[in-house]
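Please look first at the central sheet and then at the helices that pack around it. The paragraphs below follow that order and end with an aromatic pair.

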Amino acid sequence: MKAVTWHGKRDVRVDTVPDPVLKEPDDVIVKITSSGICGSDLHLYEVLGPFLSEGDVLGHEPMGIVEEVGPQVTALRPGDRVVVPFNVSCNHCFMCEQGLQSQCETTQVHEHGSGAALFGYTKLYGQVPGGQAEYLRVPFGNSLPIPVPQGPPDDRFVYLSDVLPTAWQAVEYAGVQADQTVAVLGLGPIGDMACRVAKRKNARVIGIDLVPERLARAKACGVETIDLRGVGKHLTEVVRDLTNGRGPDAVIDAVGLEAHGAPAGKVAQQLTGLLPDAMAQKLMKEAGVDRLRALHSAIDMVRRGGTISISGVYGGMADPMPMLTLFDKQIQLRMGQANVWRWVPEILPLLVDGDPFGTEGFATHHLPLDAAPEAYETFQKKNDGMVKVLLKP
């Protein structure tokens, strides 16, 4: 089969690799019909190379049609349409029963002290082959895939794999209530969708970014927008002016380690690319490699007693945190990988009944799998108005 594979920094290719096969009696094989490129895939493209091996299959936002089922699979049959969550979770261990599928005890990667395994996402998370491919082996076939109805286009449901649950959790963790104000830092796919979810809760939403296409998309959904190119270091003052001098009730950091503007973090990221893998892994695990401007902005602008919800992925272990400010302002801080199945029962009925989040028009680009290398480069450079890509094997 064809699959998108990693070969080095800024070097992904479409290779021919062996078709996946059933390994466990409750496995299923899914023929992929759509698979997204996620902003966190750019971390693999740019930063996390020390934890990848040449030929690793990428991608963690797939959906498709069940092709084959193992002998113990009773919940699905060939021909069923499913979305595959990015968490590889069993849905029956202690953590899964708490709604913490991202911490699944069955698939935790003990070698690296990490939570649940993830599809297509480095040795840190199990080095499980991903879904930017023609076929995907999915374990826990009775409980992991999300069955979705036939009929509506893939675009209606594919974001259940990651984008929608991640955005939904970001808003839930922010504690957003009707008539409160939430600022969303970063209007990529997760930030954009978080704005839409928060708007549905009748919150006032302020979206902050510096990419014109992203700002325009958010504004079209009724979001108040702030263009970082026009405010610079005065961002907090601008936000406070819009919120009676206090700051927003909550801030969602949807940026993570891709944030611009922190030279020390950029140097640390570049350094990891120059070191042998063993040394680079140690640097990333024990040193600060993140650019924390977005998170520091969130801490600065949120009102006293407010909440910060972090959905953007950070990678460093020793990055400085302004603990004095966090304590003094009594800020609540919540974060973590999205627990996909925790939110599916709330989100899926909304998608079955209609398109309340505009998912059918959410992707800016639909491209064949063979175009993945060019898509990664375009997405990384934020060219061609590219905000969200769906690959079509």
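Contact here means heavy atoms within 4.5 Å, while helices (H or I, at least four residues) and strands (E, at least two) are DSSP runs numbered from the N terminus. Axes are lines fitted to C-alpha atoms, for helices over the stretch in contact, and angles run from 0 to 180 degrees between N-to-C directions. The model is predicted, with local features needing pLDDT of at least 70 and side-chain atom pairs counting only at pLDDT 80 or more, whereas totals for chains, interfaces and linings use all residues. Residues are numbered from 1 along each chain as its sequence is written, and side-chain values use heavy atoms, with hydrogens and water left out.

With that sense of contact, helix 6 (residues 212-220) lies across strand 9 (204-209) and strand 10, running at about 165° to strand 10. Both strands belong to an open sheet of six strands, ordered 10-9-8-11-12-13, in which the pairing is parallel; two strands pair if DSSP finds at least two bridges between them. Strand 10 (224-227) and strand 13 (332-335) are the edge strands, each pairing on one side only, and from one strand to the next the twist averages 20°. Within the sheet, strand 8 (residues 181-185) pairs with strand 11 (residues 250-253) in the parallel sense over four bridges, and Ala183 stands opposite Val251 in strand 11.

Helix 4 (residues 163-174) also packs on the sheet, where it touches strand 11, strand 12 (307-310) and strand 13, and its direction makes about 160° with that of strand 12.

Two packed helices are described by the angle between their axes and the distance between the axes. For helix 4 and helix 5 (residues 189-200), the axes come within 8 Å and cross at roughly 60°, which means that helix 4 is oblique to helix 5 (under 35 degrees counts as roughly parallel, over 145 as roughly antiparallel, 65 to 115 as roughly perpendicular and the rest as oblique). The residues of this contact divide into 11 nonpolar, one polar and no charged, where Ala, Val, Leu, Ile, Met, Phe, Trp, Tyr, Cys and Pro count as nonpolar, Asp, Glu, Lys and Arg as charged, and the others, Gly among them, as polar.

The axes of helix 4 and helix 12 (residues 340-353) come within 9 Å and cross at roughly 105°, so helix 4 is roughly perpendicular to helix 12. Among the residues of helix 4 that meet helix 12 are Glu172 and Tyr173, and this contact divides into nine nonpolar, one polar and two charged residues.

Finally, the structure holds three aromatic pairs, for which rings of Phe, Tyr and Trp (its six-membered ring) must have centres within 6.5 Å, with planes under 30 degrees apart counted as stacked, over 60 as edge-to-face and the rest as tilted. One of them, Tyr45 with Tyr376, is tilted, at 5.5 Å centre to centre and 40° between the planes.
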